[in-house]
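Colleague: I would like to go through this model with you before I return to the bench. May I put some short questions to you?

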Amino acid sequence: MRHETAPIEPRVSSQSFGLATLVKSGICAAVGLTVLLQFFLVEHFNLNSAETQARLQLLQLSWQMRDSLNRVIARTIGEVRLMSELDQVRQARRPEDVRPVLKSLQNSFPDYAWIGIAGPDGKVFAATDGLLEQVDVSMRPWFSQGMKGLHTSDYHPAVLLGNLLKSSSPEPLRFVDVAGPIKDENGIVRGVLTVHLSWDWARRRARNLLVPALREYGAELLVVRDDGVVVLGPEPMLEKKLATESLSRAQRGETGSTRETWPDGKVYLTGYTQTGLDGESPALRWSVLVRQPEEVAMAGPHALGRWMLVASVLLGIALAAIGALLVRRYLTGPILMLSGAIETAVQDGAGVRGKEIPLVDGFHEAQVLSHALRDLVQREDEQRRALEAMNEQLESTVAERTAELRKLLMHDGLTGLPNRRALMQALPEAMRRADRLGKPCAVIFLDMDGFKTVNDTYGHEEGDELLRQFGARIAQAVRKTDMVARLAGDEFVAILELLADRADAEEKAHRLLPVLREPYVLKTATVVVGASIGVAVHQPGNARDLDALLSRADHAMYAAKRAGKNRLVVDSA
Ligand SMILES: Nc1nc2c(ncn2[C@@H]2O[C@H](COP(=O)(O)OP(=O)(O)OP(=O)(O)O)[C@@H](O)[C@H]2O)c(=O)[nH]1
């Protein structure tokens, strides 16, 4: 039996999330959160540490520059003090007595641009290379202050020496002067010894400190005079006033580093410190600032952060893709294969057989699911087969019962012979066969003679037995293919077929008379009865009138009765 199966209706919304999508989203979300967290942590610590590192480096540079400045000034002060106490200087009567000493000092430090001795009258007595000798310097601060004691003149342009000295660098001549009094043995001031220190040494030192790598990364070194004027630094700022927070701090004697916006509007990391704090007297107070644009100083860490972000995003995408592949391979793939196999089998309409459920090799749970599903479907398959077998059994039982019922309906219950209904079905077929084969058929109408007497004498049971034996004798006396039916009571009809002619019908009917006349052995008695027989013949080609044929046989039988019973009358039609 074939089960028609309705097509599977979609049971889930097309908008519902697939497992793979869910897992992909989960991985992306997890990776995204990790990336963000990592990004913020790295940015925070990386930038903080990088900034600290950069500021420390700038501060160290400012210290190095400060120490250099301090060292040179201290050395110059020391040498002025030493020279002014030399007998050769104190007791010199002629310039040439002292020039070699001055020259020797200049040779020890080439940045001593000019060394001179001025007399108490304010005129240069002796000087290196004889420059400015006899020139009145009484108005120069180094002279007036030097007469009083050790003095340092801060950064200033060359006034008298500008045209006399040749600078080895393209930068303008700038000096720092150190001067001290020359006293005789009585302590009376006999003149002033001065050293004009070329600013080139500071410029050179700054260049040496700012190695090319640092300059490339925008680091700049500034030395600012106590009045806020930049005496060393980038060209545009040179000899201009500066005002920054770092400068204010340095001028207050603080040292450290800061991040601040400079007058050019840019943000710089700045290391700051001040010279002249180490007790040397008279000290020059210079603020040393080393700055670096914040965007340059932090470019590396920012780039690292960006690369980490890009790398993390790429890693996230790769992880999500790998996750999706694994999910498809080991999770959704097997599940889709299972559901696809079931839907295909169901849509085929033949039901799902256990063998049609594939055993998937995905993750453990999917394998367990496929095994369980196969077992389930196999059991369902077996149950359906059992149900189909039961159905077939039931149908055959019903068919048997129906056949039996039809046989209730078509047979006489007492004799087992076909009944009137069966006769009325069989007779038209016999008439058609007669027409088709060209052989006449006949209806033999038999009515028992004297049956009532048997009934009345021996009872109905014996009457029934007589009816059974009477019917059986008629059936045995005709061909097996000829039909014998009981109409009602003691009336029987036989249909004789394939007759040669009317005479053949009469002859065959006639043979019944002696057969039926034989004694019948009942339970309690043996009786003899006869039969009145009426014969009607259907000739091939005649009208097939069923009722008329039966009626003619019936009339013939009655005619036989009237004629004295136990005889045969053939209808003449
Ligand atoms: N035992 C028995 N009797 C039946 C049955 N059907 C009808 N009869 C009886 O059969 C009898 C038929 O009556 P008739 O044919 O007139 O009686 P008969 O003695 O044969 O009369 P004739 O045909 O003139 O010879 C009646 O007494 C019915 O009661 C049956 O199935 N069993």
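Colleague: In which loop does Gln134 lie?

Modeller: This is a predicted model. In it, Gln134 lies in the loop between strand 2 and helix 4.

Colleague: Is Gln134 buried or exposed?

Modeller: Gln134 counts as exposed, because it has 12 C-beta neighbours inside 10 Å, and a residue with 12 or fewer is classed that way. Its phi is near 75 degrees, a positive value in a residue other than glycine.

Colleague: What about Asp129, and where is it found?

Modeller: Asp129 is found in the loop between strand 2 (124-127) and helix 4 (141-146). Asp129 is not a glycine, yet it has a positive phi of about 60 degrees. With 14 C-beta neighbours inside 10 Å, Asp129 counts as partly exposed.

Colleague: Let us turn to the whole chain. How many helices and strands does the protein have?

Modeller: There are 16 helices and 17 strands in the protein. Of its 573 residues, 31% are buried. Among contacts between residues at least 6 apart in sequence, 61% join residues at least 24 apart.

Colleague: Now the ligand. How many residues surround it, and which are the closest?

Modeller: The ligand is surrounded by 15 residues, and the closest are Phe451, Lys452, His460, Gly463 and Gly489. By class, the shell contains four nonpolar, six polar and five charged residues.

Colleague: Which elements each supply at least two residues of that shell?

Modeller: Strand 11 (441-449), helix 12 (451-458) and helix 13 (460-477) each do so.

Colleague: Strand 11 is also part of a sheet, I gather. What is the strand order there?

Modeller: The order is 12-13-11-16-17, in an open sheet of five strands with mixed pairing. Strand 12 (483-488) and strand 17 (568-570) stand at the edges; each has a single partner strand, so one side of each is left without a neighbour in the sheet. From one strand to the next, the twist averages 20 degrees.

Colleague: In which sense do strand 11 and strand 13 pair?

Modeller: They pair in the antiparallel sense, over six bridges, with strand 13 spanning residues 491-496. Leu446 stands opposite Phe492 in strand 13.

Colleague: Which strands of the sheet does helix 14 touch?

Modeller: Helix 14 (residues 502-510) packs on the sheet and touches strand 11, strand 13, strand 16 (530-538) and strand 17. The direction of helix 14 makes about 160 degrees with that of strand 16. Helix 16 (residues 546-562) also packs on the sheet, where it touches strand 11, strand 16 and strand 17. For helix 16, the angle with the direction of strand 16 is about 145 degrees.

Colleague: A change of topic: in which helix does Gln251 lie, and what is it in contact with?

Modeller: Gln251 lies in helix 7 (residues 245-251). Leaving aside neighbours within four places in sequence, Gln251 is in contact with Gln274 and Ser287. The C-alpha atoms of Gln251 and Thr273 are separated by 8.1 Å, although the two residues are 22 apart along the chain. Gln251 counts as partly exposed, because it has 17 C-beta neighbours inside 10 Å.

Colleague: Finally, which residues does the "coiled-coil region" annotation cover?

Modeller: According to the UniProt record, which is an unreviewed entry, the annotation covers residues 373-404. In the model, that stretch is 100% helix and 0% strand. The end C-alpha atoms of residues 373-404 are 46 Å apart.

Key:
Residues numbered from 1 in each chain as written. Predicted model: local features only at pLDDT ≥ 70, side-chain atom pairs only at ≥ 80, totals over all residues. Near = placed C-beta within 6 Å. Helix = DSSP H or I, 4+ residues; strand = E, 2+ residues; numbered from the N terminus. Nonpolar A, V, L, I, M, F, W, Y, C, P; charged D, E, K, R; others polar. Pairing = 2+ DSSP bridges. Axes fitted to C-alpha atoms, helices over the stretch in contact; angles between N-to-C directions. Contact = placed C-beta atoms within 7 Å. Buried ≥ 20, exposed ≤ 12 C-beta atoms within 10 Å, placed from the backbone. UniProt positions renumbered as here; feature names shortened; annotations may be inferred.
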